[in-house]
Amino acid sequence: SNLNFINYFKSIFIPIKFKEILKEADIFKTNQMWGSWVALISKIIYDKKLIIRCGYELLKLSAFKKDSLFRQFVYFLVSKCSYLLADHIFLSSLSEISYIQNRYKVNRKKITYLPNWIDTDLYKDLNFHRSKNILFVGRLHEEKNIGFLIESLAGTKIDLDIVGVGNQKSYLINLSKKYKVKINFLGVFKNDKMYKIYNKYQYYVICSKHEGNPKTLLEAMSCACTVIGTNSPGISNLIKHKKDGMIVENNEKEMRKMIVNLQKNRLLSLQLAKNARNKIIANNSFNLIKKRESNTLNSLLEI
């Protein structure tokens, strides 16, 4: 339906419509909080185990965006029920673990830190000749803070290449004209093509106001890009400043200075990129995350 409230109402009956499939399952698992009531209802009806997995904390983000109190209350209600009734919880951010423990009074023992995984055999350094243009990958939305990046590049004569689409494209074009920054909109690519895109660039910048466990950042690090991020939740806890990337305060002059200095210091850029690649192999490789999740599944089924 074109009316959301009708879709929400219909979603309540999903566990009945697909009962033959759901009855055969051993574990139900969500990949986000919104919509998790379908899994909750299914768990209750069919007496199955339930894993709630979140890439970011819904209520925390809603409060950050200053959504209406009613919307925040709905998010709180859905999150509270999901966390408390879940048999286990996967969270991709350490900061989110502390938050839900305090906000929802969830037992730490049923929470596993499970960051996004990266296929490090695919997303690797291909030894391409790399452009000095700045690469941004993500939705063209306000929370991604791309306008800040454009302002930061003013006067540098460094181009910005963007992979992604969204409702801010016209705004960003006008802003680029104002600050005389050349933007190249590259469109979107399938995930199995993105590793080649990252390998065309030495410098990747992420400047979101808020993130969970940003997969584009992990992918860029795995491909040995030199990564620069703002000191924002979800970014600053992934990049260790001056070790495997650079963290900058949300200040255009500081970002501009950081980008220019890194482009002048090639040896430092390459060392940061190498360290970033090693970090992803050690913490986010597919086999590592698969083993951690498999152990949890087996313990839930008492295998």
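This is a conversation about how to read the overall build and the two sheets of a predicted model.

Trainee: Where should I begin, and how many helices and strands are there in the chain?

Mentor: Begin with the inventory of elements, which in this predicted model comes to 14 helices and 10 strands. The radius of gyration of the chain is 21 Å, close to the 19 Å that the globule rule gives for 303 residues, so the chain is as compact as a globular protein of that length. Taken along the principal axes, the box filled by the C-alpha atoms is roughly 60 × 40 × 35 Å.

Trainee: What share of the residues counts as buried?

Mentor: A residue is called buried when its relative accessible area is under 20%, and 48% of the 303 residues fall into that group. The accessible surface of the chain comes to about 16,200 Å², and carbon and sulfur atoms contribute 54% of that surface. As for contacts with a separation of 6 or more, 64% of them are between residues 24 or more positions apart.

Trainee: In what order do the strands of the six-stranded sheet stand?

Mentor: A sheet is read from one edge strand to the other, and here the order is β7-β6-β5-β8-β9-β10, in an open sheet with parallel pairing. The edges are taken by β7 (183-187) and β10 (246-248), each of which has a single partner strand, so one side of each is left without a neighbour in the sheet. From one strand to the next, the twist averages 25°.

Trainee: Which residue of β8 is the bridge partner of Leu135?

Mentor: Look first at the pair of strands, where β5 (residues 131-137) and β8 (residues 201-206) run parallel and are joined by three bridges; the partner of Leu135 is Tyr204. Helix α11 (residues 215-222) packs on this sheet, touching β5, β8 and β9 (226-230), and its direction makes about 155° with that of β8.

Trainee: Which strands stand at the edges of the four-stranded sheet?

Mentor: That open sheet has the order β1-β2-β3-β4, with parallel pairing. Its edges are β1 (27-29) and β4 (111-113), and since each has a single partner strand, one side of each is left without a neighbour in the sheet. Direction ignored, neighbouring strands of this sheet are turned by 20° against each other on average.

Trainee: How many bridges pair β1 with β2, and which helix packs on this sheet?

Mentor: Three bridges pair β1 with β2 (residues 49-54) in the parallel sense, and Ile27 stands opposite Lys49 in β2. The helix is α7 (residues 94-104), which touches β3 (88-91) and β4, and its direction makes about 165° with that of β4.

Methods. Residues are numbered from 1 along each chain as its sequence is written. This is a predicted model: local features need pLDDT of at least 70, side-chain atom pairs count only at pLDDT 80 or more; totals for chains, interfaces and linings use all residues. Side-chain values use heavy atoms; hydrogens and water are left out. Two strands pair if DSSP finds at least two bridges between them. Helices (H or I, at least four residues) and strands (E, at least two) are DSSP runs, numbered from the N terminus. Axes are lines fitted to C-alpha atoms, for helices over the stretch in contact, and angles run from 0 to 180 degrees between N-to-C directions. Contact means heavy atoms within 4.5 Å. The radius of gyration is taken over C-alpha atoms; the globule rule is 2.2 Å times the number of residues to the power 0.38. Buried means under 20% relative accessible area, exposed over 50%, partly exposed in between (1.4 Å probe, protein chains only). Accessible areas come from the Shrake-Rupley method with a 1.4 Å probe; for residues, only the protein chains shown count as cover.
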